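Work through the exercises below with the sequence and the structure open beside you. Each task is followed by a solution that goes step by step.

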Amino acid sequence: MVSFPDFAPADLTVVVPCYDEAPNVGPMVEALTRALAGWRWEVVFVDDNSPDGTAAVAREIARRDPRVRVIKRVGRRGLSSAVIEGAMSSSARVVAVMDGDLQHDESVLPEMARRILAGEADIVVASRHLAGGSAAGLNGKWRHALSRNGIRLAQTVLPARLTDPMSGFFAVRRDVFEAAAPKLVGTGFKILLELVLSVPETVRVTEIPAVFRPRLAGESKLSPVIMLQFAGMLAERLCGGWLPTRFVVFALVGLIGVIVNIVAMEIGRGMGLGFKNAQILGTACAILANFQLNNRLTYHDRRLRGSRWLPGLAVFVTGCALGNIANIGVAQVIFAADGHHWTRSSAIGALIGVVWNYAIASTLVWR
Ligand code: GDD
Ligand code: MN
């Protein structure tokens, strides 16, 4: 048996997702060092190749401090998936997740970890809405309102009664997280909510009050796209996961494409184009609009940029053209077999077209 006398494996891994948090990394390590004195801990910064060089700053510290680890992901973005990867890189008994902008109060970490190690709970959530906690750090009235309504929405799908299911600060038994990981979709900001929805009923979830501090450096990455992802995640959970949100968004984008097509045709007509040319213009605009919307919304996490954009568009156009041929073909076969029922035949054709296009988009364009 090999032994490592001077090496103390961590009991607690603190996973810190970060994007453009370079100035906060050093203070974060200092804060953890103070709060976790006497503990065997490590911290994993999971950075998505931030333009401000967050990973390099963290690496510089890691060269001096063996408790600091860095995961630098390239070509991917997202808070939830970053948390999943950080947690999966841990071998400790407890994993804690907290933001890298010093908004979460690290002084509650020891109590969170203690409860889990003592077997009192499997997941401990730092709540801003328990007596003693506070959400003072949310800036602006509308962020408060958003948070409040988000919590209400979340509570409709939650099995356990949590005062703060939207918290980004929690601790969990590592084996519990690992068992739930295959069920996590990992898009968006709300990894805790997803986790609570994915664990067996026997898993005990408790809360501990914590203060949410104002951000000192950098800015929040919460955006409208992320709120949409949240709505999508809830919708997916509400219908039992059988209808992927991505597909719903893809289909909605398709509908927008139809509108773009009609509007562009009308504009072409106004400019004096004949039917054929107006139709070509309309179709081209619709395809471009669909491609861009899918790139920005539906496949936000796999967005094509730079030199990958044009080849992506080419595959998208070719694939969807084939889909439309299939759509027309199927509609005609059904039309002939189904007593010449116009609406039903074309609806089935369109549905098959959308499913086809979705399959092409998900497997060949945005891989
Ligand atoms: N790796 C990675 N990739 N990290 C990210 C990304 C990303 O795409 N987006 C955000 N982060 C990191 C940030 O750098 C920060 O450390 C942490 O995730 C939280 O992001 P903020 O942008 O600071 O979020 P917030 O303060 O608006 O929201 C926080 O409070 C919410 C409650 O109101 C988060 O903790 C949420 O999870 C929480 O629900
Ligand atoms: Mn923040």
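**Exercise 1.** In this predicted model, determine which elements the buried residues of helix 3 pack against.

*Solution.* Begin with burial, for which a residue must have 20 or more other C-beta atoms within 10 Å of its own. By this criterion eight of the 10 residues of helix 3 are buried, so that the helix is mostly covered. The buried residues are Leu79, Ser80, Ser81, Ala82, Val83, Ile84, Gly86 and Ala87. Next, follow their contacts: they pack against strand 1, strand 2, strand 3 and strand 4, and also against helix 6 (174-180) and helix 7 (191-198). Finally, consider direction: helix 3 lies across strand 1, strand 2, strand 3 and strand 4, and runs at about 150° to strand 1.

**Exercise 2.** Trace the order of the strands in the open sheet, and identify its edge strands.

*Solution.* The sheet has seven strands with mixed pairing, and reading across it gives the order 3-2-1-4-6-5-7. Strand 3 (68-72) and strand 7 (205-209) are the edge strands, since each pairs on one side only. From one strand to the next, the twist averages 20°. Helix 2 (residues 54-62) also packs on this sheet, where it touches strand 1, strand 2 and strand 3, and its direction makes about 150° with that of strand 3. For a closer look at one pairing, take strand 4 (residues 94-97) and strand 6 (residues 170-173), which pair in the antiparallel sense over four bridges; here Val94 stands opposite Arg173 in strand 6.

**Exercise 3.** Describe the shell around ligand 1 by its nearest residues, its contributing elements and its residue classes.

*Solution.* First, of the 24 residues around ligand 1, those that come nearest are Ala82, Gly100, Gly168, Ser220 and Lys221. Of these, Ala82 is also among the buried residues of helix 3. Second, at least two residues of the shell are supplied by each of strand 1 (12-18), strand 2 (41-47) and helix 3 (79-88). Third, sorting the shell by class gives 10 nonpolar, seven polar and seven charged residues.

**Exercise 4.** Relate the domain annotated in UniProt to the chain in which it lies.

*Solution.* An unreviewed UniProt entry places the feature "domain: Glycosyltransferase 2-like" at residues 13-178. Over that range the chain is 39% helix and 19% strand, with the end C-alpha atoms 14 Å apart. Turning to the chain as a whole, one counts 12 helices and seven strands, and buried residues make up 38% of its 367 residues. Among contacts between residues at least 6 apart in sequence, 75% join residues at least 24 apart.

Methods:
Residues are numbered from 1 along each chain as its sequence is written. Chains are lettered from A and ligands numbered from 1 in the order in which they are written. This is a predicted model: local features need pLDDT of at least 70, side-chain atom pairs count only at pLDDT 80 or more; totals for chains, interfaces and linings use all residues. A residue is near a molecule or strand if its C-beta atom, placed from the backbone, lies within 6 Å of it. Ala, Val, Leu, Ile, Met, Phe, Trp, Tyr, Cys and Pro count as nonpolar, Asp, Glu, Lys and Arg as charged, and the others, Gly among them, as polar. UniProt positions are given in the numbering used here, feature names are shortened, and annotations may be inferred rather than shown by experiment. Two strands pair if DSSP finds at least two bridges between them. Axes are lines fitted to C-alpha atoms, for helices over the stretch in contact, and angles run from 0 to 180 degrees between N-to-C directions. Two residues are in contact if their C-beta atoms, placed from the backbone, lie within 7 Å. A residue is buried if 20 or more other C-beta atoms lie within 10 Å of its own, exposed if 12 or fewer, and partly exposed in between; C-beta atoms are placed from the backbone.
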